[in-house]
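Okay, thanks everyone, I'll keep this short. Have a look at the model on the screen, and then I'll walk you through a couple of spots.

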Amino acid sequence: MKNATKKDAKKNAKKSVSTVPKDSAELKSPQGSISKFFKQLLGDNQKGSIRRYQKKVSEINQIEVSLKSKTDSELKAKTEELRKKLEKKSLDAILPEAFAVVREMSFRVLGQRHFDVQLIGGMVLHEGKVAEMKTGEGKTLVATSPVYLN
């Protein structure tokens, strides 16, 4: 008798199992479309961050052009100049100039110039966030800019 009830229970369980809808429209969750709606309405947070970083990279590139004509001793003096600026300004305010100095000095001393994405990685680190990079993408070079700034 016990075997018969187990078999009946298995049969009933198989009948009550729902099938997964094959139509992809049935699989879409309402939360997914709501999320998409708000991203379109308010903008994607990462896109805003990327735009902000790209503006800073443009500033760094402009400053870098003016630093190319400076001598090594003039570039060295920029460090003290930036320290004095910190009395009135924040780290974020002097970031473009500091990163440009590091980029130029890195090129002169190491022969390695920071790529724009490496500058963005440095900005991410400066903000206390994690920047994931693969082997060979220049993590050590990325770290020099926020270290100098801070």
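So, how do the residues lining the largest pocket divide into nonpolar, polar and charged? This is a predicted model, by the way, and the answer is six nonpolar, two polar and two charged. The pocket itself holds about 200 Å³ of space. If you want to find it on the screen, look for V117, Q118, I120, G121 and V124, then V130, A131, E132, M133 and E137; those make up the lining.

Now over to Y53, which sits in helix α4, residues 45-67. Is Y53 buried or exposed? It comes out at 7% relative accessibility, and because the cut-off for buried is under 20%, Y53 counts as buried.

What does Y53 touch, once you set aside its neighbours within four places in sequence? The list is I120, M123, V124, E127 and K129. Two of those names, I120 and V124, you just heard in the pocket lining. With E127 there's also a polar contact between the side chains, at 2.6 Å. And for a sense of the fold, the C-alpha atoms of Y53 and G121 are 9.4 Å apart, though 68 residues separate them along the chain.

Last thing, how far to trust it. Mean pLDDT for the chain is 80, with 70% of residues at 70 or more. Confidence peaks in helix α6, residues 91-110, at 95, and bottoms out in helix α2, residues 24-27, at a mean of 44. Across residues 15-29 pLDDT is below 50, and that stretch has three contacts in the model beyond near neighbours in sequence. Where pLDDT is low, don't read the predicted coordinates in detail.

Notes: Residues are numbered from 1 along each chain as its sequence is written. Side-chain values use heavy atoms; hydrogens and water are left out. Helices (H or I, at least four residues) and strands (E, at least two) are DSSP runs, numbered from the N terminus. Buried means under 20% relative accessible area, exposed over 50%, partly exposed in between (1.4 Å probe, protein chains only). Contact means heavy atoms within 4.5 Å. A polar contact is a pair of N or O atoms within 3.5 Å; within protein, one must be able to donate a hydrogen and the other to accept it, and residues adjacent in sequence count only if both atoms are side-chain atoms. pLDDT is the predictor's confidence in each residue, from 0 to 100. On a 1 Å grid over the protein atoms alone, a cavity is a set of points where a 1.4 Å probe fits but cannot get out, and a pocket is an open set with protein on both sides within 12 Å along at least five of seven lines; lining residues have an atom within 4 Å of a point. Grid points are joined across faces, edges and corners, and a volume is the space filled by probe spheres set on the points. Ala, Val, Leu, Ile, Met, Phe, Trp, Tyr, Cys and Pro count as nonpolar, Asp, Glu, Lys and Arg as charged, and the others, Gly among them, as polar.
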